[in-house]
Amino acid sequence: MSMFKLCFICSVLSVVFTSASAFMTNGETFRRKLSVEVNPGLNPPFSLPPGVNLVHVRALGHNDTLHFLFCNQGAPSLLLVHTNSTESTVHVNWPEFINRTSSGSLKVEPQSSIQYSNALMITRLWEYSDVNNTADPQNTSESRFYPPYELQNFIWSDLNTTVNQSDHRIMICGGDRTVSFINGSFCLQISAYESEGRESSWPSLLHNSNSTQVRMWLDGVTSRVNNSRFMLELQTVGDSEFQGRVDVRSSIDDEYTPSIFKVSQWVSFPVNSSRIWGYTQWKPVAYRKPRPVFEDATPCKHSQPVPIAQPPHSGLIQAYFKGHPQTYGLNISFGIAGDPFYNVTNYLSWTVLMGMGDPPADSFSTLIIIIMAVGLGTPLALIIVGGVFVWIRKRMSQSTGYEPIN
């Protein structure tokens with residue numbers, strides 16, 4: 001083997017390990033400064049109804065600000081407002097907000113700094129009798145559906161006791177006055193993030209500093225019939241110049257969410273452009289236990305978004321959006337044919353991510369990259385070592401050969 005070939009192989013090996021190192025250090029370094037405030041500016045004698053709160057998470061960037069607002073007055077809603085100013089603030093006219101007398105009682109100012117606004121509403125929980133065990137609500141007779149649980153009518157726990165300022169996380173649980181919720185509840189956990197990362201619990205969605213996560217679960221709710229399955233209704237609200245669609249992307253890596261190789265994205269973009277301004281993202285999987293193992297995972301499906309003429313009441317939506325904002329709705333159904341029914345575990349959880357800009361995209365993890373580097377690098381290293389050994393032996397044999405005496 002010539003020295004030229006050895007040098008070439010060494011160069012290839014160097015590229016392999018350099019690329020691996022670059023991948024391993026290619027995480028997001030941008031961080032936002034987060035602050036959490038409950039009921040900003042609310043002072044006596046004004047007060048919200050019991051269990052109702054408005055939470056404001058301010059995510060400050062280098063030259064912009066994200067405002068995440070969550071409120072459970074009416075249907076629980078999460079509002080995202082992106083501004084191009086580091087000085088933008090939220091102002092609430094509390095008498096009007098509490099009495100729901102008019103739109104515009106919640107503003108982000110200066111209003112000229114607002115670049116994008118979008119909201120996610122969690123509106124209804126549907127239950128149906130899956131007598132044929134097909135887990136196909138789209139082709140299930142309407143007579144098999146029970147009246148939906150309207151989340152705008154739920155009674156909620158006080159989230160003040162669950163606000164975590166260090167983790168930028170809140171949680172509320174609630175239910176209606178029916179017998180189904182005597183020993184059970186529907187819960188929401190909202191988490192905001194300073195930088196890129198993942199939650200440790202499945203589905204371990206990849207988040208970044210422009211996103212917030214909503215985890216929701218049913219726990220201990222009594223189903224109306226033994227073969228019940230559930231379906232969740234979501235709605236998005238935004239400005240009329242934006243439109244939306246649902247994209248499904250495939251992945252070749254299921255390290256963080258075992259056996260799940262797809263991610264669904266409900267994206268929002270201007271009518272005359274394909275640039276994504278906002279998104280709602282999830283993996284098509286739910287879990288039947290609080291601490292699931294592989295067997296506790298169950299697939300979920302989504303319907304196509306449809307326009308909504310009259311959305312359920314939401315205090316936050318009414319307070320922020322003026323006129324007639326554009327509203328779309330879709331359903332998330334849980335389970336596939338043959339899966340256990342809800343009453344087997346009396347538990348069901350699902351997670352969704354909401355954010356601004358391009359959705360986070362899974363890439364190969366550090367572990368996978370190391371495995372690839374070792375898999376490619378080891379054979380090259382062996383070739384180099386073998387080549388060097390052969391070259392040295394050859395040189396030694398030439399130097400110790402018989403030389404005639406003159």
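## Histidine 168 and alanine 135

Histidine 168 is buried, because its relative accessible area is 10% and the cut-off for buried is under 20%. The residue sits in the loop between β9 (155-156) and β10. Its phi is near 55° in this predicted model. That is a positive value in a residue other than glycine.

Alanine 135 also has a positive phi, near 50°. Alanine 135 too is a residue other than glycine. Look for it in the loop between β7 and β8 (149-150). Its relative accessibility is 0%, so alanine 135 counts as buried.

## Confidence in the model

The structure is a predicted model. The protein averages a pLDDT of 86. Of the residues, 84% score at least 70.

One stretch needs care. Over residues 12-27, pLDDT stays under 50. For these residues the model has 17 contacts beyond four places in sequence. Where pLDDT is low, the predicted coordinates should not be read in detail.

## The disulfide and other cysteines

A search of the whole structure finds one disulfide. It joins cysteine 173 to cysteine 187, with an S to S distance of 2.0 Å. The pair links distant parts of the chain, 14 residues apart. Cysteine 173 belongs to strand β10 (residues 169-175). Cysteine 187 belongs to strand β11 (residues 185-192). The torsion about the S-S bond is about 110°, so the disulfide is right-handed. Both cysteine 173 and cysteine 187 are buried.

Two further cysteines are worth locating. Cysteine 71 counts as buried, because its relative accessibility is 0%. Cysteine 300 has a relative accessible area of 7%, so this residue is buried as well.

## Strand β15 and its partners

Strand β15 spans residues 228-238. Eleven of its eleven residues are buried, so β15 is largely enclosed by the rest of the structure. In a regular strand the side chains alternate between the two faces of the sheet. Both faces of β15 are covered. On one side, the buried residues are Ser228, Phe230, Leu232, Leu234, Thr236 and Gly238. On the other, they are Arg229, Met231, Glu233, Gln235 and Val237.

β15 pairs with strand β7 (residues 114-129). The two run antiparallel and are joined by eleven bridges. Here isoleucine 122 stands opposite leucine 234 of β15. β15 also pairs with strand β22 (residues 326-334), again in the antiparallel sense, over eight bridges. In that pairing, threonine 327 of β22 is the bridge partner of valine 237.

## Cavities

Rolling a probe the size of a water molecule over the atoms shows where empty space is left. Searching the whole structure gives eleven cavities of 30 Å³ or more. The largest has a volume of about 170 Å³. Its lining counts 17 residues. The closest to its centre are Asn118, Thr236, Gln243, Gly244 and Ser268.

Several strands contribute to this lining. β7, β15, β16 (242-250), β17 (262-270), β18 (278-282) and β22 each supply at least two residues. Thr236, one of the residues closest to the centre, is also among the buried residues of β15.

## Two serines in one loop

The loop between β12 (197-198) and β13 (206-207) holds serine 204. Serine 201 is in the loop between β12 and β13 too. Serine 204 has a relative accessible area of 5%, so it is buried. Leaving aside residues up to four places away in sequence, serine 204 touches Arg198, Glu199 and Tyr256.

Serine 201 has a relative accessible area of 40%, so this residue is partly exposed. Its C-alpha atom is separated by 9.5 Å from that of proline 290. Along the chain, serine 201 and proline 290 are 89 residues apart.

## Cis peptide bonds

The peptide bond from proline 44 to proline 45 is cis, and its omega is near 10°. Proline 45 is found in the loop between β1 (33-38) and β2 (54-60).

The bond from glutamate 109 to proline 110 is cis as well, with omega near -5°. Proline 110 lies in the loop between β6 (106-109) and β7. Strand β7 is also a partner of β15.

Technical notes
Residues are numbered from 1 along each chain as its sequence is written. This is a predicted model: local features need pLDDT of at least 70, side-chain atom pairs count only at pLDDT 80 or more; totals for chains, interfaces and linings use all residues. Side-chain values use heavy atoms; hydrogens and water are left out. pLDDT is the predictor's confidence in each residue, from 0 to 100. Contact means heavy atoms within 4.5 Å. A disulfide is a pair of cysteine sulfur atoms within 2.5 Å. Helices (H or I, at least four residues) and strands (E, at least two) are DSSP runs, numbered from the N terminus. Buried means under 20% relative accessible area, exposed over 50%, partly exposed in between (1.4 Å probe, protein chains only). Two strands pair if DSSP finds at least two bridges between them. On a 1 Å grid over the protein atoms alone, a cavity is a set of points where a 1.4 Å probe fits but cannot get out, and a pocket is an open set with protein on both sides within 12 Å along at least five of seven lines; lining residues have an atom within 4 Å of a point. Grid points are joined across faces, edges and corners, and a volume is the space filled by probe spheres set on the points.
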